[in-house]
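The following exercises ask the reader to classify contacts and residues in a protein structure. Each task is followed by a solution in steps.

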Amino acid sequence: MKFDLLKEKRKIVMLTAYDYQMAKILDETGIDLILVGDSLGMVVLGYGDTKKVTIEDMIYHTKAVARGAKNTPIVGDMPINSCNTVEDALKNANRFLEAGAQGVKIEGNKPEVIKALLDKGIPIMGHVGLLPQTAERYRLKGKDKAEGEKILKDAMELDQFGVFTIVLECIPESLAKKITESIEAPTIGIGAGRYCDGQVLVINDMLGFDEDFSPKYLKRYTYLGREIKKAIVKFKEEVLNETYPDGEHTYH
Ligand code: KIV
């Protein structure tokens, strides 16, 4: 599949999904891309970070997302240690494609691996800035000059290799703007400000499942965690006071 994310001359919209039902809902909204992110580790599997997520976890969830998203391109996130060698990267990227993804995301600048996959025609989404698979802690990256220059250089290299888009995570918007203006591939920001070509959020975060996680960039568009709790408490009350099931919800 060839991605042409800028063809409509508007911002690109990407969200994550990890299961069939959410993918089906996202598919009905007409967003541009669904990322099966390794944020799966935190929001689905309950780990503190993405470092324990395996290729098996990712393939299992990519298959579920592919069953729900019939029209929206899916990108599978290559988890930690899945592309340490060219051989592993090719094998694992192909597993994502067989699971229903149209491309894969690779964190950081790994020239040998990225070039090998691109040579085989596998669409690659780059990812620079904060790199959760190797970061010691989650923080803004690229504020100091040297770090900012390295991120810009990596983005420019990835662009030259031919990635179809690059995620910019947690960097100052001035740096994101500079990268966006310096490269051909569209940029998709998360915590990277207003000047990226598109935006991505983790679906559970933007839907407000967990109110304890509050990075500055995160806007919650609803508070589903609260709504779910309210519904469960009501169900519990109605079972206890025997108002559920009533006649309407009973087979006669
Ligand atoms: O794993 C993920 O969800 C991501 C996004 C934050 C871009 O990499």
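**Exercise 1. A salt bridge within helix α6**

The side chains of K150 and D154 meet in a salt bridge, with 2.8 Å from N to O. In this predicted model, determine how the two residues are placed in their helix and how exposed K150 and D154 are.

*Solution.*

Step 1. A salt bridge requires a side-chain nitrogen of Lys or Arg within 4 Å of a carboxyl oxygen of Asp or Glu. The pair K150 and D154, at 2.8 Å, is listed as such a bridge.

Step 2. Both residues belong to helix α6, which covers residues 145-161, and they stand four residues apart, about one turn of the helix. An α-helix has 3.6 residues a turn, so residues three or four places apart point the same way.

Step 3. The relative accessible area of K150 is 46%, and K150 is therefore partly exposed. D154 has a relative accessible area of 12% and is buried.

Step 4. Salt bridges with shared partners also join E8, R10 and D32 into one network. The structure holds 15 salt bridges.

**Exercise 2. Two further salt bridges**

Describe the salt bridge between K24 and E28 and the one between E147 and K141, and classify K24, E28 and E147 by their accessibility.

*Solution.*

Step 1. The side chains of K24 and E28 meet at 3.9 Å, N to O. This value is within the limit of 4 Å that defines a salt bridge.

Step 2. K24 and E28 both lie in helix α1, residues 20-29, and are four residues apart, about one turn of the helix.

Step 3. Buried means under 20% relative accessible area, and exposed means over 50%. K24, at 38%, is partly exposed, whereas E28, at 61%, is exposed.

Step 4. In the other bridge, the side chains of E147 and K141 meet at 3.5 Å, N to O. E147 has 19% relative accessibility and therefore counts as buried.

**Exercise 3. Charges over rings**

Which rings have the charged end of K177 or of R226 over them?

*Solution.*

Step 1. The charged end of K177 sits over the ring of Y195, at 5.5 Å from the ring centre.

Step 2. The charged end of R226 sits over the ring of Y223, at 4.0 Å from the ring centre.

Step 3. For contacts between two aromatic rings, a search of the whole structure finds one aromatic pair.

**Exercise 4. Helix α3**

Compare the length of helix α3 with the expected value, and decide whether this helix is largely enclosed or open.

*Solution.*

Step 1. Helix α3 covers residues 55-68 and has 14 residues.

Step 2. The expected span is 1.5 Å times one less than the number of residues. The distance from the first C-alpha of α3 to its last is 20 Å, close to the expected 20 Å.

Step 3. Of the 14 residues of α3, 10 are buried, so the helix is largely enclosed by the rest of the structure. Among the buried residues are I55, M58, I59, V65 and G68. D57 and H61 also belong to this buried group.

**Exercise 5. A nonpolar surface patch**

Which residues form a nonpolar patch with I232 on the surface, and where does I232 lie?

*Solution.*

Step 1. The patch consists of F209, I228 and I232, with about 250 Å² of accessible area together.

Step 2. I232 lies in helix α9, residues 224-240. The relative accessibility of I232 is 52%, and I232 therefore counts as exposed.

**Exercise 6. Backbone features**

Describe the backbone at N81, at E242 and at the peptide bond from Y244 to P245.

*Solution.*

Step 1. N81 has a phi near 65°, a positive value in a residue other than glycine. N81 is placed in the loop between β3 (74-77) and α4 (86-99). At 54% relative accessibility, N81 counts as exposed.

Step 2. E242 is not a glycine, yet its phi is positive, about 60°. E242 lies in the segment after α9 and is exposed, with a relative accessible area of 68%.

Step 3. The peptide bond from Y244 to P245 is cis, with omega near -5°. P245 lies in the segment after α9.

Definitions and conventions
Residues numbered from 1 in each chain as written. Predicted model: local features only at pLDDT ≥ 70, side-chain atom pairs only at ≥ 80, totals over all residues. Heavy atoms only, no water. Buried < 20%, exposed > 50% of the residue type's maximum accessible area, 1.4 Å probe, protein only. Phe/Tyr/Trp six-rings, centres within 6.5 Å; stacked < 30°, edge-to-face > 60°. Lys NZ or Arg CZ within 6 Å of the ring centre and 35° of its normal. Patch = residues over 30% accessible without salt bridge, like charges linked within 9 Å, V, L, I, M, F, W, Y side chains within 5 Å. Areas by Shrake-Rupley, 256 points an atom, 1.4 Å probe, with all protein chains shown as cover.
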